[in-house]
2 protein chains.
Amino acid sequence: MPSDAKTLERARLDLERFVPYKLSVLSNRVSDAIARLYSDRFGLTIPEWRIMAVLGQTSGLSARDVAVRTAMDKVQVSRAVASLVEAKRVIREVDESDARVSRLSLSARGRAIYDEIAPLALHLEDVLLGALTKEERRDLDAIMGKLAARIGKLDVIPG
Amino acid sequence: MPSDAKTLERARLDLERFVPYKLSVLSNRVSDAIARLYSDRFGLTIPEWRIMAVLGQTSGLSARDVAVRTAMDKVQVSRAVASLVEAKRVIREVDESDARVSRLSLSARGRAIYDEIAPLALHLEDVLLGALTKEERRDLDAIMGKLAARIGKLDVIPG
DNA sequence: GCGAGATAGTTTCATATGTAACTAATTTGG
DNA sequence: CCAAATTAGTTACATATGAAACTATCTCGC
């Protein structure tokens, strides 16, 4: 096998240095760490927690609103909402002026859970960002913004 | 509802500004964009492609080696390898000195697919990073390294 | 050299997920 | 008004996933 010559010619894909891969591994590890805050104690899944997070911030959203804000698809939202309603953590009411739409909000029980988890999540974020200088935190924000904008354009015109 | 007073007291978790959430959304979008390069044309899943990527770089790895390098668990590797072997894209041979271990490598067919996808993946990475200045690219690398190190420590001692 | 434990990898089972088809309600154009 | 198209949300189906149990092989200590 004349592997040296071929290696020189061929584009080299080193997974350990491939940004999309590193991003994915990092993101999964962070998500897992956050999930540990609420899955053990409250049996919440990631979609469930995300829904509670947006409802904790804004009451009366429709499922569609929630889907947009959490970047989840409507099926995922429908299922997670069903389970949250079942657990009496979320209240679902039919919209007065449009019977297709449901208005979602945290129940008192849901609010109590939210109030317990939100500070923990924010604290974990602090600990994580504590690894960075103030400047790096600003950079990270700017960089993520730029990457999100770029990937957004790619999504529209695949190729 | 005395929402103003309560909001001031309560820690504010705004999903749109929560770094773990933004990281997750960005990472998923990037992964989806990459996946489009190989799922349509070759019917590869993400785990399958990751395995081909490490085998394209290093032949003769065991399933365990692959699992470590791709940050996947052994079940996922076992299944994806089975499907790759079935499709004759990967060759599995029993290790000579330890019959528990299988030695994995790309077949000629697998190599051809790898040689087609790898440049596309690298190109997509280039396009993505093209949104950043050279300095920002260095920053991103440093920042991801620091965050990975920090989250690694949290994983060991959860709490 | 043999029994206890460790390791590589697979299988099983229960659950999660995505796509597409579906129902119900609303809007729109004639 | 009312048929056709649109929209909100759910359900069904097929596939993906993760945890735990399992098989086969190997290593270590005696």
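This report walks through the contact between chains A and B and the protein surfaces near DNA strands C and D in a predicted model.

## Where the two chains meet

Let's start with the protein–protein contact. Chain A brings 53 residues to it and chain B brings 52 residues. On the chain A side, at least two residues each come from α2 (19-42), α3 (46-57), α4, α6 (108-129) and α7 (134-156). Of these helices, α2(A) gives the largest share, with 14 residues.

What classes of residue make up the side of chain A that touches chain B? The tally is 33 nonpolar, six polar and 14 charged.

## Around DNA strand C

Now for the DNA. There are 20 residues around strand C, and the closest are A:A99, B:A63, B:R64, B:S78 and B:R100. Both chains take part through their helices: α5 of chain A, along with α4 (63-70) and α5 of chain B, each supply at least two residues of this surface. The largest share, six residues, belongs to α5(B).

Sorted by class, the surface near strand C has eight nonpolar, five polar and seven charged residues.

## Around DNA strand D

Which residues come nearest to strand D? Of the 20 residues around this strand, they are A:A63, A:R64, A:S78, A:R100 and B:A99. The elements giving two or more residues here are α4 (63-70) and α5 (74-86) of chain A, together with α5 (74-86) of chain B. Here α5(A) provides the largest share, six residues.

By class, the surface near strand D holds eight nonpolar, five polar and seven charged residues.

Technical notes
Residues numbered from 1 in each chain as written. Chains lettered and ligands numbered in written order. Predicted model: local features only at pLDDT ≥ 70, side-chain atom pairs only at ≥ 80, totals over all residues. Near = placed C-beta within 6 Å. Helix = DSSP H or I, 4+ residues; strand = E, 2+ residues; numbered from the N terminus. Nonpolar A, V, L, I, M, F, W, Y, C, P; charged D, E, K, R; others polar. Contact = placed C-beta atoms within 7 Å.
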